[in-house]
Amino acid sequence: MPEDKRGLDFRTRAVHAGERGSQPKGQPVAAPVYPSTTFTYDSMAEMDAVFAGEREGYVYTRHGNPTVDALSDAVNTLEEGAGACAYASGMAALHAALFACDLPPGSTVLASQDLYGATAGLLSKVFGVFGVQTIQTDFFNLDKLQTRARELRPRVLVAETISNPLLKVCDIDACAEVARSVGARLVIDNTFATPYLCQPVRHGADFVVHSATKYLGGHGDVTGGVTVVADSADMPALVAAMKLVGGILGVWEAHQILRGMKTLVLRMERQCANARELAEKLSGHPRIARVLYPSLDAGDAAEEICRRMLRAPHAGALVTVALADDTREAAFRFMDALRLCVRSTSLGDVYSAVLHPATASHRDFSPARRRELGIGDGIVRVSVGIEELTDIYDDIRQALEA
Ligand code: PLP
């Protein structure tokens, strides 16, 4: 393409004008968005070297993109990992982590029974098809976990830093020890804690997964996921999942999540403080049987785990209430009466949102299984936002009394 495009026909100029000019002289302060699906080079030899991995560079956005890499690098930096890869959603990130664990037919995954419903579904309905068996057990009973691990010899252990919706904090140090004792890898979904509250790699996790749709994005307007590795030897498998499965994160989404992350600390500080105060104010309310919040009446052992795992004094920005009337009708009546808190199936946004686990995150579980897990019909999870706490509390109180 000649430098001076003026000699070309208008129709040609219309296509090429403004493209592939010289690089800007100043370093952009904010990471630029590169929506280009392909990257070109001055010579085929150069392009060939990049394709072969002999030279650094980008060729095709499904194989890697500078904007998406800026996000992966940012999450990796906050998690203090050895590398990271971004995907189209938290589920795609979980899939990539499990894929990277190399699960042949006949292998076993030992997963926490307190797992996000779709993660349990991914294990049983997707990996299950390929002959991988998943057994769920109580990760908060470490003796039982160790016994099950010895019996089953799993290749992978999967847990969440803060469980959903009962908000129990996982002892990642202990889980990593169990995993090591049987030669298994440890995958930790750190979505609820964020790297600000917990960095699972420091506690022995091999893979850390985020639904960036939640706190990392933080504004309820972007879907994405990121997987971080503790050992760079696991990066080629994550990259293979990106290139070959193809669930890549879009560049605009990467940009939006990266922007959200700038205020992660400010949002988390405020949301966690709001959540703690809300939990304290709601406990003892006559319409509530129990307020679940890590570190609130959790007992000495659970409080010690909370202090060791999470950035004190914070314990997350979710509060779960078990209504005294443990029925779906009571939960719906309460949720319908809310005027400020939004009824939505997500969490981690700047606004306060409520979710009914029995009909949302745990809908696919049988009522008996939900009861076994302690997820009654009267359980409601509140994702506490950055609003003024009095307004959130007043809204919840008036709805409880409705
Ligand atoms: N992990 C946890 C703990 C979640 O709560 C969710 C979604 O709610 C996911 C993973 C999946 O994330 P995404 O919806 O971005 O695929």
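Start by selecting C175: this residue is buried, with a relative accessible area of 0%. You'll find C175 in helix α7, which runs over residues 172–181. Keep in mind as you click around that this is a predicted model. Now add R363 to the selection and draw a distance between the two C-alpha atoms. C175 and R363 are 188 residues apart along the chain, and their C-alpha atoms are separated by 28 Å.

**The loop ahead of α7**

Stay with α7 and select P165, in the loop between β4 (156–160) and α7. Check the peptide bond that joins N164 and P165: it is cis, with omega about 0 degrees. Then go to the other side of β4 and pick R153, in the loop between α6 (142–152) and β4. What is phi of R153 near? The value is near 50 degrees, which is positive in a residue other than glycine.

R20 is another one for the backbone dihedrals. Its phi is positive too, about 50 degrees, and R20 is not a glycine. Look for R20 in the loop between α1 (10–16) and α2 (44–51). Is R20 buried or exposed? The relative accessibility is 54%, so R20 counts as exposed, the cut-off being over 50%.

**The ligand**

Next, select the ligand and show what is around it. The shell has 13 residues, and the closest are G90, D189, S211, T213 and K214. By type, the shell divides into five nonpolar, six polar and two charged residues. Colour helix α4 (residues 90–100) as well: this helix gives the largest share of the shell, three residues.

Three atom pairs are worth labelling here:

- G90: a polar backbone atom is 2.9 Å from an oxygen atom of the ligand.
- D189: a polar side-chain atom lies 2.6 Å from a nitrogen atom of the ligand.
- T213: a polar side-chain atom lies 2.6 Å from an oxygen atom of the ligand.

If you put a surface on the ligand, note that on its own the ligand has 390 Å² of accessible area, and the protein covers 90% of that.

**Helix α12 and the loop after it**

Now select helix α12, residues 300–309, and highlight its buried residues: I305, C306 and M309. Around the axis they cover an arc of only 100 degrees, so they sit on the same side of α12. Spin the helix to the face turned away from that buried side, and you'll see the exposed residues D300 and R307.

Follow the chain out of α12 to P313, in the loop between α12 and β9 (318–323). The peptide bond between A312 and P313 is cis, with omega about 5 degrees.

**S352 and its partner**

Select S352, in the loop between β10 (342–343) and β11 (353–355). Loop or not, S352 is buried, with a relative accessible area of 0%. Where does its side chain go? The side chain of S352 reaches the backbone nitrogen of G385, at 2.8 Å.

**Last stop: helix α15**

Finish with α15, residues 389–400. This helix has twelve residues and reaches 16 Å from its first C-alpha to its last, close to the 16 Å expected at 1.5 Å a residue. Highlight its buried residues: L389, I392, Y393, D395, I396, A399 and L400. Turn the view until you look down the axis of α15: the buried residues fall within an arc of 160 degrees, so they line one face of the helix.

How values were computed
Residues are numbered from 1 along each chain as its sequence is written. This is a predicted model: local features need pLDDT of at least 70, side-chain atom pairs count only at pLDDT 80 or more; totals for chains, interfaces and linings use all residues. Side-chain values use heavy atoms; hydrogens and water are left out. A residue is near a molecule or strand if one of its heavy atoms lies within 4 Å of it. A polar contact is a pair of N or O atoms within 3.5 Å; within protein, one must be able to donate a hydrogen and the other to accept it, and residues adjacent in sequence count only if both atoms are side-chain atoms. Accessible areas come from the Shrake-Rupley method with a 1.4 Å probe; for residues, only the protein chains shown count as cover. Helices (H or I, at least four residues) and strands (E, at least two) are DSSP runs, numbered from the N terminus. Ala, Val, Leu, Ile, Met, Phe, Trp, Tyr, Cys and Pro count as nonpolar, Asp, Glu, Lys and Arg as charged, and the others, Gly among them, as polar. The expected span of a helix is 1.5 Å times one less than its number of residues. Buried means under 20% relative accessible area, exposed over 50%, partly exposed in between (1.4 Å probe, protein chains only). The arc is that of the directions from the helix axis to the C-beta atoms.
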